[in-house]
Amino acid sequence: MVKLHVIDGPNKGESWTIGKDILFLGRRKENDIRLNDPSVSGRHLRIQKKKDTIYIEDLDSTNGTFLNGQSIISGHPVEVREGDLITVGNTLISLDAEFTLSGTLIHRASRDLRQVEKVKEVGLPKDRPMTALKNLELIYRVSSALMQSFDIQEILETFMDSLFECLKRIERGAVLLIEDGTEGLKEIIARSRVNKRSKSIRYSKSIVTRVINEGKPVVMTDISLDKDADLSDSIRSMKIRSVMCVPLISRSHVKGVIYVDSLKEPHGFRKEDLRLLMALASPASIAIENALMYSNLERMVESRTKSLKEAEKRLRKSESRFRAIFDNMESGVVVCEAEGQGEEFVVIDVNHAAERIDKVRKDKILGKRVEEAFPGFKTLGLLSIFHRVWESGKPEQVPPCLYEGGHAQGWREFDIHRLPSGELVIIYRDITDEKRAEEEQRMLQKKLMHSQKLESVGRLAGGVAHNFRNILQAILGNAEYLQMVKHGDAVVEEAVRNINNSVDKGVDLIHSLMHFSKLGEELKLEILDLAEVIRDTYRIIEKVFD
């Protein structure tokens with residue numbers, strides 16, 4: 001009679017004979033097979049026997065039913081053979097037959113179970129074959145051990161330990177992987193019972209190549225009976241008597257092979273050994289691929305970390321360089337952060353030049369609004385320019401203007417920029433000294449022009465004085481002649497005296513013009529009696545108007 005045995009789960013160790021044509025399995029009392037597993041539905045599975053064939057049908061259960069690790073479709077009967085594994089909830093069930101093991105099955109089953117205990121503790125009938133149970137225990141143990149590490153060498157060491165412990169007939173073994181990009185084979189690990197120090201073995205390349213190309217396992221129990229003469233000769237030269245080779249398959253691609261052989265006696269391996277090796281190959285291939293992916297990921301992370309560290313080093317160096325330039329600029333720099341839509345700007349950094357020019361302390365103004373820290377900005381109407389630059393992103397330059405605010409005043413010129421980060425940078429120069437120098441230069445230029453004009457006038461005055469003196473000499477000579485001719489005439493005498501006085505004044509004027517024309521000569525101021533000047537003038541002109 002065919003039986004169902006619970007290998008793992010709350011009802012572990014129980015078994016039921018399939019005596020009826022139809023049986024129901026579930027958590028409710030009315031089921032023929034009742035399981036105390038909360039993850040099993042009330043009526044989970046229907047088991048139907050037709051002649052010697054067993055079918056199972058999932059009854060739209062919550063967590064589904066898995067056959068050999070593959071989910072079955074609800075409402076569709078599926079044939080179950082002896083040795084197949086059925087998973088319902090957290091319960092693993094097998095038909096009463098020697099297990100048919102496969103890597104895919106074991107890998108899936110190990111993922112469905114929350115705990116894997118030794119299968120030999122299951123209370124099965126004494127007449128049940130124990131070899132399959134031991135193999136199943138080994139597979140679970142190896143699968144669990146392989147999943148504990150991402151170090152490929154550690155994984156393969158664990159795998160080879162388990163393989164040599166289980167299959168005593170193995171004398172040599174190796175795991176070979178296909179190298180990416182080269183399609184060549186690389187011996188990752190090798191072991192020999194005879195020479196335990198050996199790190200490498202000679203293997204049959206023809207068998208390994210066949211397994212890789214076909215993706216199917218190869219077993220030769222007795223090389224001497226093999227009909228492939230060429231293959232037998234190549235293996236015979238290495239004194240190999242029995243050999244097994246299975247592919248390591250992951251994602252439908254052959255990644256490598258597991259190769260084992262025996263050098264002593266023929267018939268060293270049975271089909272049961274091949275099935276076990278195939279079952280172990282599946283979790284091994286997954287563990288190897290995971291380890292390789294992890295190793296590649298580690299290299300990528302290491303490379304990326306190195307790149308990030310180098311970038312960080314360059315960034316720190318660049319930041320240090322920027323800070324040095326920032327702090328040692330002659331121009332004042334104020335960095336502001338916009339609040340809202342640029343209505344307000346808050347000071348977040350200033351350089352040493354800004355502190356010096358505006359007589360402020362950095363720690364006192366950070367976090368303040370810009371018009372509070374620098375009152376003159378508002379007076380000059382710069383806040384509207386700040387807002388405009390922040391919105392448009394286009395830099396603007398403010399022409400030289402007189403800044404008055406806080407403890408500082410002077411001439412400034414401003415450049416306003418917006419950084420990609422949205423921060424506003426105000427760069428300004430104190431050009432007060434330049435303006436003062438320009439003003440001094442302008443005054444000097446004005447004085448020079450005035451001096452040049454005076455020089456020209458002086459030259460003209462010198463020429464005029466010289467000519468005027470000649471005229472006065474002629475007038476004075478004629479006056480003296482008139483006085484001699486009309487001696488005794490009172491009227492003429494009076495006129496001659498007036499002429500002489502006028503000539504004297506003309507001479508004084510000539511002396512003044514001559515002094516004016518001599519640049520660099522110190523001029524003396526004299527006090528004049530205005531009344532006397534008017535009387536003298538009157539005496540000169542009174543005769544004209546009589």
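Helix H4, residues 205-214, lies across five strands: S12, S13, S14, S15 and S16. Here S15 covers residues 242-250 and S16 covers 253-262. H4 runs at about 35° to S15. The model is predicted, and every value here is computed from it. A second helix, H6, spans residues 271-328. H6 lies across S12, S14, S15 and S16, at about 40° to S15.

What do these helices lie across? The 5 strands form an open sheet, in the order S13-S12-S16-S15-S14. The pairing is antiparallel. Strand S13 (185-192) and strand S14 (218-220) stand at the edges. Each has a single partner strand, so one side of each is left without a neighbour in the sheet. On average, neighbouring strands are turned by 15° against each other, direction ignored. Strands of a sheet pair through backbone hydrogen bonds, in either a parallel or an antiparallel sense.

Now walk across the sheet from S13. Its partner is S12, residues 172-178, and the two pair in the antiparallel sense over 7 bridges. One of the residues to look for is Gly173, whose bridge partner in S13 is Arg191.

Move on to S15 and S16. These strands pair in the antiparallel sense over 9 bridges. Ser242 stands opposite Ser262 in S16. The two strands form a hairpin with 2 residues between them. Arg251 in that hairpin takes a positive phi near 55°.

At the other edge, S14 and S15 pair in the antiparallel sense over 3 bridges. Val218 has Cys245 of S15 as its bridge partner. How much of S15 is buried? Of its 9 residues, 8 are buried, and the strand is mostly covered.

Return to H6, which also meets another helix. H3 holds residues 152-166, and the axes of H3 and H6 come within 10 Å. They cross at roughly 170°. That angle is over 145 degrees, which makes H3 roughly antiparallel to H6. On the H3 side, the contact is made by Ile152, Ile155, Leu156, Phe159, Leu163 and Cys166. H6 contributes Leu276, Leu277, Leu280, Ala284, Ala287, Ile288, Ala291 and Leu292. Which classes of residue appear in this contact? There are 14 nonpolar residues, no polar ones and no charged ones.

Arg251 has company in its backbone geometry. Most residues other than glycine have a negative phi. Lys51 is not a glycine, yet has a positive phi of about 55°. Lys51 sits in the loop between strand S5 (45-50) and strand S6 (53-58). Is Lys51 buried or exposed? Its relative accessible area is 81%, so Lys51 is exposed. Asp60 also has a positive phi, near 55°. The place of Asp60 is the loop between S6 and strand S7 (65-67). Asp60 is exposed too, with a relative accessible area of 64%.

Finally, step back to the whole chain. The protein chain has 14 helices and 21 strands. Of its 546 residues, 38% are buried. The accessible surface comes to about 33100 Å². Carbon and sulfur atoms account for 52% of that surface. Consider also contacts between residues at least 6 apart in sequence: 51% of these join residues at least 24 apart.

Key: Residues are numbered from 1 along each chain as its sequence is written. This is a predicted model: local features need pLDDT of at least 70, side-chain atom pairs count only at pLDDT 80 or more; totals for chains, interfaces and linings use all residues. Side-chain values use heavy atoms; hydrogens and water are left out. Two strands pair if DSSP finds at least two bridges between them. Helices (H or I, at least four residues) and strands (E, at least two) are DSSP runs, numbered from the N terminus. Axes are lines fitted to C-alpha atoms, for helices over the stretch in contact, and angles run from 0 to 180 degrees between N-to-C directions. Contact means heavy atoms within 4.5 Å. Buried means under 20% relative accessible area, exposed over 50%, partly exposed in between (1.4 Å probe, protein chains only). Angles under 35 degrees count as roughly parallel, over 145 as roughly antiparallel, 65 to 115 as roughly perpendicular and the rest as oblique. Ala, Val, Leu, Ile, Met, Phe, Trp, Tyr, Cys and Pro count as nonpolar, Asp, Glu, Lys and Arg as charged, and the others, Gly among them, as polar. Accessible areas come from the Shrake-Rupley method with a 1.4 Å probe; for residues, only the protein chains shown count as cover.
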